[in-house]
Amino acid sequence: MTTASDIPLRRSVGTLRLVLGLLVLSAIVTQITDELLHDAFKPGEYFAYFTIESSMINVVVLLVGGVLALRARAETELFTSVRVAVLSYAVITAAVYNVLLRNIPSTGYHGVQWPNEVMHVWVPILIVIDWLFAPGRARVGWARLWLVVSYPLAWLAFTMLRGAVTGWYPYPFLEPGGPGGILSVLVYVVGISAFILAVASAAIVVARLEARRPTLVAAREAADREPS
């Protein structure tokens, strides 16, 4: 929730969210345009990456969140829950890319790199900062963890089914025919899923603490007004 003193900050956050959303959109457009110009664009593969799909979600949520921050004093519980999911996807995208994928040599077209850095490094960092310091979050129930994991689970099911049919997987650690076999895939899937749930749980704790702040402030103000 938002107090009167938070309104100027919330409006500033709204503007920054709009800028960040447009930056993510420009990164995606730049990457697609560059690959098209070099005859390297494969839509079926490009849009199958978790990074790309979650980045497109980021564009929508950041732009909508920017408008809401400019026009409303607080978010709905549903929108804050969506932001929990977006935060979780951004953090896991950054972690997986920078820990598991950054140093793997590219086997395809090696295009412009700033969109990769935007989507895998800077946007996740800024989304975390936005979550920690932007006012207006609603109290989120623990049942919303299902909302967070529903998309990654659906993406994983589709990716593994498609890979079984086509032999192509967007990430090497998901390949059952890799060095570690299916057991290695299961370890990565369980580990990444647990990490997503941990990030989402921490975000929900922050949201629930934030929701208590206006009540505590109001109680202190009421106590100060009471005659001694």
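1. Thr 15 is partly exposed, with a relative accessible area of 41%, a value that falls in the partly exposed class because buried is reserved for residues under 20% and exposed for those over 50%. The residue sits in helix 1, and its C-alpha lies 6.1 Å from that of Gly 66, although 51 residues separate the two in sequence. The model is a predicted one, and the points below should be read with that in mind.

2. On the overall fold, the protein has seven helices and zero strands, so that, by the DSSP runs used here, the order of elements from the N terminus reads α-α-α-α-α-α-α. Of the contacts with a separation of 6 or more, 80% join residues that are 24 or more positions apart, and the pair Thr 15 and Gly 66, 51 residues apart in sequence, can be set beside that figure.

3. On burial and surface, 41% of the 228 residues in the protein are buried. The protein exposes about 12400 Å², and carbon and sulfur atoms supply 70% of that area.

4. Helix 1 covers residues 7-37, a run of 31 residues, and its span from first C-alpha to last is 45 Å, which is close to the 45 Å expected at 1.5 Å a residue. Just after this helix, Asp 39 takes a positive phi of about 55°.

5. On enclosed space, a search of the whole structure finds three cavities of 30 Å³ or more, and the largest cavity has a volume of about 90 Å³. Its lining consists of Arg 17, Val 61, Leu 62, Gly 65, Phe 79, Arg 83, Val 86, Leu 87, Ile 127, Asp 130 and Trp 131. By class, this lining holds seven nonpolar, one polar and three charged residues.

6. As to where that lining comes from, helix 3 (50-71), helix 4 (77-101) and helix 5 (114-133) each supply at least two residues to the largest cavity. The largest share, four residues, comes from helix 4. A colleague checking the model could inspect Arg 17, Arg 83 and Asp 130, which are among the residues that line this cavity.

7. Turning to open space, the largest pocket has a volume of about 1100 Å³. It is lined by 32 residues, of which Tyr 49, Ser 106, Thr 107, Gly 108 and Tyr 109 are the closest to its centre. The elements giving two or more residues to this lining are helix 1, helix 2 (43-46), helix 3, helix 4 and helix 5. By class, the lining of the largest pocket has 16 nonpolar, 10 polar and six charged residues.

8. The second largest pocket has a volume of about 380 Å³, and 21 residues line it, those closest to its centre being Phe 50, Ile 92, Trp 155, Ile 192 and Ile 196. Helix 3, helix 4, helix 6 (145-166) and helix 7 (181-225) each supply at least two residues of this lining. The lining residues divide into 17 nonpolar, four polar and no charged, whereas the lining of the largest pocket includes six charged residues.

Notes: Residues are numbered from 1 along each chain as its sequence is written. This is a predicted model: local features need pLDDT of at least 70, side-chain atom pairs count only at pLDDT 80 or more; totals for chains, interfaces and linings use all residues. Side-chain values use heavy atoms; hydrogens and water are left out. Buried means under 20% relative accessible area, exposed over 50%, partly exposed in between (1.4 Å probe, protein chains only). Contact means heavy atoms within 4.5 Å. Accessible areas come from the Shrake-Rupley method with a 1.4 Å probe; for residues, only the protein chains shown count as cover. On a 1 Å grid over the protein atoms alone, a cavity is a set of points where a 1.4 Å probe fits but cannot get out, and a pocket is an open set with protein on both sides within 12 Å along at least five of seven lines; lining residues have an atom within 4 Å of a point. Grid points are joined across faces, edges and corners, and a volume is the space filled by probe spheres set on the points. Ala, Val, Leu, Ile, Met, Phe, Trp, Tyr, Cys and Pro count as nonpolar, Asp, Glu, Lys and Arg as charged, and the others, Gly among them, as polar. The expected span of a helix is 1.5 Å times one less than its number of residues.
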